[in-house]
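Here is my note on the model you sent round. Please keep the structure open while you go through the points.

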Amino acid sequence: MKFFVRTDTDKPRYFGTQGDAHEDGRKEEEVWRSSVRIKEVDLKADKDGVLRLLQEGPAGADDLLGGRGRTWTVTARGGLKELEE
């Protein structure tokens with residue numbers, strides 16, 4: 001199961017689609033858009049992983065969320081640019 005998260009904010013913001021995350025990032029002022037980070041998360045959707053995520057929240061399931069997927073930034077003109085990791 002894939003979802004998207006903005007990791008540049010104080011509290012991570014979660015989105016169901018890349019378009020929703022992109023739209024949220026475009027709301028930032030042009031000078032701050034380059035600091036926006038949208039990460040694609042490919043969650044292992046096995047029973048144990050989902051239960052741990054529900055019980056402990058994202059902080060308790062870092063191993064499920066970290067190290068997977070691609071990352072984008074928002075350009076000054078509002079487009080998406082994939083970052084190389």
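The points below go from the overall layout to single residues.

1. Status and layout. This is a predicted model. The protein chain has three helices and five strands. Read from the N terminus, the order of elements is β-β-α-β-α-α-β-β.

2. Burial and surface. The protein chain counts 85 residues, and buried ones make up 32% of them. Its accessible surface is about 5700 Å². Carbon and sulfur atoms account for 48% of that surface.

3. Contact range. Take the contacts in the protein chain with a separation of 6 or more. Of these, 55% join residues 24 or more positions apart.

4. Strand pairing. Which strands pair, and in what sense? S1 and S3 pair antiparallel, over five bridges. S3 also pairs with S4, again antiparallel, over two bridges. S4 and S5 are antiparallel as well, with four bridges.

5. Register. A few positions help to fix the alignment by eye. Val5 stands opposite Lys39 in S3. Ile38 has Trp72 in S4 as its bridge partner. Thr71 is bridged to Leu83 in S5.

6. Strand S3. S3 spans residues 38-42. Is this strand mostly covered or mostly open? It is mostly covered, since four of its five residues are buried.

7. The S4-S5 hairpin. Five residues lie between the two strands of this hairpin. Gly78 takes a positive phi there, near 100°.

8. Helix H1. Which residues of H1 (18-26) are buried? They are Ala21, His22, Asp24 and Gly25. These residues cover an arc of only 160° around the axis, so they sit on the same side of H1. An α-helix has 3.6 residues a turn, so residues three or four places apart point the same way.

9. What H1 packs on. The buried residues of H1 pack against five strands: S1 (2-6), S2 (13-15), S3 (38-42), S4 (71-74) and S5 (80-83).

10. Nonpolar core. Which residues form the largest nonpolar core? It has seven: Phe4, Phe15, Ala21, Val36, Ile38, Trp72 and Val74. Ala21 is also one of the buried residues of H1. Ile38 and Trp72 are bridge partners too.

11. Phe15. Set aside its neighbours within four places in sequence. Phe15 is then in contact with Phe3, Phe4, Arg6, Asp20, Ala21 and Asp24. Among these, Ala21 and Asp24 are buried residues of H1.

12. Aromatic pairs. How many aromatic pairs does the structure hold? There are two. One is formed by Phe3 and Tyr14, and it is tilted, at 5.9 Å centre to centre with 55° between the planes. This pair links distant parts of the chain: Phe3 is in strand S1 and Tyr14 in strand S2, eleven residues apart. Phe3 is buried, at 14% relative accessible area. Tyr14 counts as partly exposed, at 39% relative accessibility.

13. Phe4 and Trp72. The ring centres of Phe4 and Trp72 lie 6.2 Å apart with the planes at 50°, so this pair is tilted. Phe4 is in strand S1 and Trp72 in strand S4, 68 residues apart, and the pair links distant parts of the chain. Are the two residues buried or exposed? Phe4 is buried, with a relative accessible area of 9%. Trp72 is buried too, with a relative accessible area of 6%. Both residues belong to the largest nonpolar core.

14. Gly69. This residue lies in the loop between helix H3 (62-65) and S4. Gly69 is partly exposed, with a relative accessible area of 35%. Gly69 and Glu40 are 29 residues apart in sequence, yet 4.8 Å apart in space, C-alpha to C-alpha.

15. Pro12. Where is Pro12 found? It is in the loop between S1 and S2. Pro12 counts as partly exposed, at 44% relative accessibility. Leaving aside its neighbours within four places in sequence, Pro12 is in contact with Val5 and Arg6. Val5 is the residue that stands opposite Lys39 in S3. Arg6 also appears among the contacts of Phe15.

Definitions and conventions: Residues numbered from 1 in each chain as written. Predicted model: local features only at pLDDT ≥ 70, side-chain atom pairs only at ≥ 80, totals over all residues. Heavy atoms only, no water. Buried < 20%, exposed > 50% of the residue type's maximum accessible area, 1.4 Å probe, protein only. Arc of directions from axis to C-beta. Contact = heavy atoms within 4.5 Å. Pairing = 2+ DSSP bridges. Areas by Shrake-Rupley, 256 points an atom, 1.4 Å probe, with all protein chains shown as cover. Phe/Tyr/Trp six-rings, centres within 6.5 Å; stacked < 30°, edge-to-face > 60°. Core = buried A, V, L, I, M, F, W, Y, C linked by side-chain atoms within 4.5 Å.
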